[in-house]
Amino acid sequence: MPQAVLGVEQGAFFHGTRKVFSGVSFLLDDARSALVGENGAGKSTLLNCLSGELELNSGKIVRSRSLHVSALAQEVPLGLAALTVRQVLERSLERVGAAGEDWRVDILLDEIGVSAETAEGPFGALSGGWQRLILIAGAARLEEPDVLILDEPTNHLDIGHINRLEQWLTEDFRLPMLIVSHDRAFLNRVATRTLFLRADGVHAFKAPFAKAREELLRRDAAAGVLRKIEEKEIKRLEEAAARYQIWGMKNDMFHRRKRAVESRIERIRDTRAEVYVARERRLELGESEIEAKIALRIENLELKTPDGARKLLDIGRLAIAAGDKVALLGVNGAGKSTLLQALADAWRGRDAHYDGQAKIRFNPASRLVYFDQTMRDLPVDESVLGYITGVDGVTEREASRALAQAGFPFARAHDPIGLLSHGERSRLIFLKMKLLKPNFYLLDEPTSHLDIEGQEDLEAQLEETEVACLFVSHDRYFTRTAATRFLEFRRGRLIEVEEPDTFFDAQVA
C-alpha cells in the first residue's frame, strides 16, 4: 500500500494584511511529528489548513488522492455535553460513512476501559480530561485516518490522563501524526520527528524535541558565526572597491577591478547565511520586596466542594516564605484549584485577615495576583492597549512600550483581545500582572497555552526573583524546574514531599 502523503508547498496565510506564516514547506512521513513554534506563529492556523478547515492565501496543500485526515482542535466542540458517550463516539463512525457499525464502538469502549454505565451516561458528566481522551480515541480508532492531527492534546489533562495518552500514541495508535504541543516532557516521550515553525518557514529534524532543539540551536549558532565572517568580508571588499574608485581616476584598469569586487559583494549578499532572530519579547514577573520572611500563613483551614457537599482538604498549619515556589500535586478533584481560589478570595478581603485569628493571613506587604487557567475574566471585546492602560498609573505611551517589549506589534495594539491566540492572551495577562508589581503569585496551569520560550522565561523569572509563588501545573518539566517545594494532596491532607516524580509515575487515568 503506498504511503499517505500530506504536506505544504510554499504555503502562506494572512489575516487581512497581517502575515501569519509564509514560505512553509514540509511533507509528513510515517513518524509522530511534533510542530513547535512561538505563540502567534500560526501553528493552529497551519493545522486548520492541512485539515481543510482553512485555505492558504498562496502555495498549496500536498495530499495523496483519497487521503483521510482526522483532526482535533484545542477545545472540546460545543453541543456534545447532552449526548451520551456512546453517541459521541458514533459521530466518529458517521463522519467516515460507517454509521450502524456500533460493534466497533463496543470494542473501543472495552479497549480503553469505559464501563457500559459510563458509555450510556452524558458526555458532559465526564471530566475534561476524559472528554479529550474519548474524542482522541474515536478519531484515531473509529475514523481510521491515514494521518491524525492533534492540537494541544494535553490541555486540561491531569498527569494520569497524560500518561494514558502517551501510551495510546506510542503503543496503541500506530499511524502518522502531527501534534502541536508546548508540553516538553510529552513531546520528548511521544514525538519521533520535530518541525519548528518560524518566520522563515519550517525546519525539520528526525529527532524528538529536546535533541532536535539542541541541533536547531547549534545550527543557529553556526549561522551566526558564518554571518559575522561574511559581513566582515563584505566590509573588507567595500573598502577595496572604494580604493579602486579613487585609483580609477588615473587608470581605467581599477574601474574593472572595482566592478569585479562589487559583483563579488552582491554574490555574498545573495547567498549569505540566514540568521534566525527571535522576536524581542520576554515574559517577566514583577517583583516587589516582602519585608518579613513569611508571605502567607494558613491555620486550621477546611475546604469543601463548591456545593459544600464534600470536604476536600484540611490544612492544620502551613507557612509560605518569601521566595518559596510551591508546586501543588494532586489528582483532579483533590482541591488544588479550589485552594488557589480560596486564597485569591481571601486576598480580596485582606483587610479582615490581619487580626491574627484568621485562617488565611497574608503578610501586610504582600501584593498578590492570580492567574486563572480558564482566563474567563479576560475582556475579549476590549482592545489590547485598553486592557494594559487599565492598570493604575500606566499611561498609553508606557503601555505601548510595554506591549512592544512583550512582543505585541504596535499595529495590533487596538485589536480586540478576542483576536489573540490563547498563548498571546496568556502573555497579555502576565504583562498586566507584571505592571501591577506583585510579590506573590497564585498560578493555576500557567503554561497551558504558553509556548516553550514563554515557559522558559517564566521558569527563569521564578528562579531569579524573590517572589513567592503557589502553582498548579500538569506540565511535569515545568513543575520539576520551577518549584523549590512540593506539597501533595493525600486523602484530604497536604503532605510535603522531596520530589514530584513518585507522584507523577503513580498516576494512571
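## Exercises on a predicted model

Arg104, Val105, Leu108 and Glu111 of helix α3 are in contact with Ala137, Gly138, Arg141 and Leu142 of helix α5. The model is predicted. The exercises start from this helix contact, then turn to a sheet, a single glycine and the whole chain.

**Exercise 1. Classify the residues in the contact of α3 with α5, then describe how the two helices are oriented.**

Step 1. Sort the contact residues by class. The contact of α3 with α5 has 4 nonpolar, 1 polar and 3 charged residues. Gly counts as polar in this scheme.

Step 2. Locate the helices. α3 spans residues 102-111 and α5 spans residues 128-142.

Step 3. Read the geometry. The helices pack at an angle of about 125°, and their axes are 11 Å apart.

Step 4. Apply the cut-offs. Roughly perpendicular covers 65 to 115 degrees, and roughly antiparallel needs over 145. The angle of about 125° falls in neither class, so α3 and α5 are oblique to each other.

Step 5. Add the handedness. The crossing of α3 past α5 is right-handed.

**Exercise 2. Give the strand order of the open sheet and identify its edge strands.**

Step 1. Write the order. The open sheet has 6 strands, arranged β5-β6-β7-β3-β8-β9. Its pairing is mixed.

Step 2. Find the edges. β5 (69-72) and β9 each pair on one side only, which makes them the edge strands.

Step 3. Check the twist. With direction ignored, neighbouring strands of this sheet are turned by 20° against each other on average.

**Exercise 3. Describe the pairing of β8 with β3 and with β9.**

Step 1. Recall the principle. Strands of a sheet pair through backbone hydrogen bonds, either parallel or antiparallel.

Step 2. Take the β3 side. β3 (residues 32-37) and β8 are parallel and share 5 bridges. Leu35 stands opposite Leu195 of β8.

Step 3. Take the β9 side. β9 (residues 201-205) runs antiparallel to β8, again with 5 bridges. Leu195 has Ala204 as its bridge partner in β9. Thr194 has Phe205.

Step 4. Trace the connection. A hairpin of 2 residues links β8 to β9.

**Exercise 4. Are the residues on the two faces of β8 buried or exposed?**

Step 1. Count over the strand. β8 covers residues 193-198, and 6 of its 6 residues are buried.

Step 2. Split by face. One side carries Arg193, Leu195 and Leu197. The other carries Thr194, Phe196 and Arg198.

Step 3. Conclude. Both faces of β8 are covered, and the residues on each side are all buried.

**Exercise 5. Assign Gly23 to an accessibility class and list its contacts.**

Step 1. Place the residue. Gly23 lies in strand β2 (residues 18-27).

Step 2. Classify. Buried means under 20% and exposed means over 50%. Gly23 has 29% relative accessibility, so Gly23 counts as partly exposed.

Step 3. List the contacts. Leaving out residues up to four places away in sequence, Gly23 touches Gln10, Gly11, Asp200 and Gly201.

Step 4. Take one distance. Gly23 and Phe13 are 10 residues apart along the chain, and their C-alpha atoms are separated by 9.6 Å.

**Exercise 6. How many helices and strands does the protein chain have, and what share of its residues counts as buried?**

Step 1. Count the elements. The protein chain has 16 helices and 18 strands.

Step 2. Take the burial. Of its 509 residues, 53% count as buried.

Step 3. Look at contact range. Among contacts between residues at least 6 apart in sequence, 70% join residues at least 24 apart.

Technical notes:
Residues numbered from 1 in each chain as written. Predicted model: local features only at pLDDT ≥ 70, side-chain atom pairs only at ≥ 80, totals over all residues. Heavy atoms only, no water. Axes fitted to C-alpha atoms, helices over the stretch in contact; angles between N-to-C directions. Helix = DSSP H or I, 4+ residues; strand = E, 2+ residues; numbered from the N terminus. Parallel < 35°, antiparallel > 145°, perpendicular 65-115°, else oblique. Left-handed = near helix turned anticlockwise from the far one by under 90°. Contact = heavy atoms within 4.5 Å. Buried < 20%, exposed > 50% of the residue type's maximum accessible area, 1.4 Å probe, protein only. Pairing = 2+ DSSP bridges.
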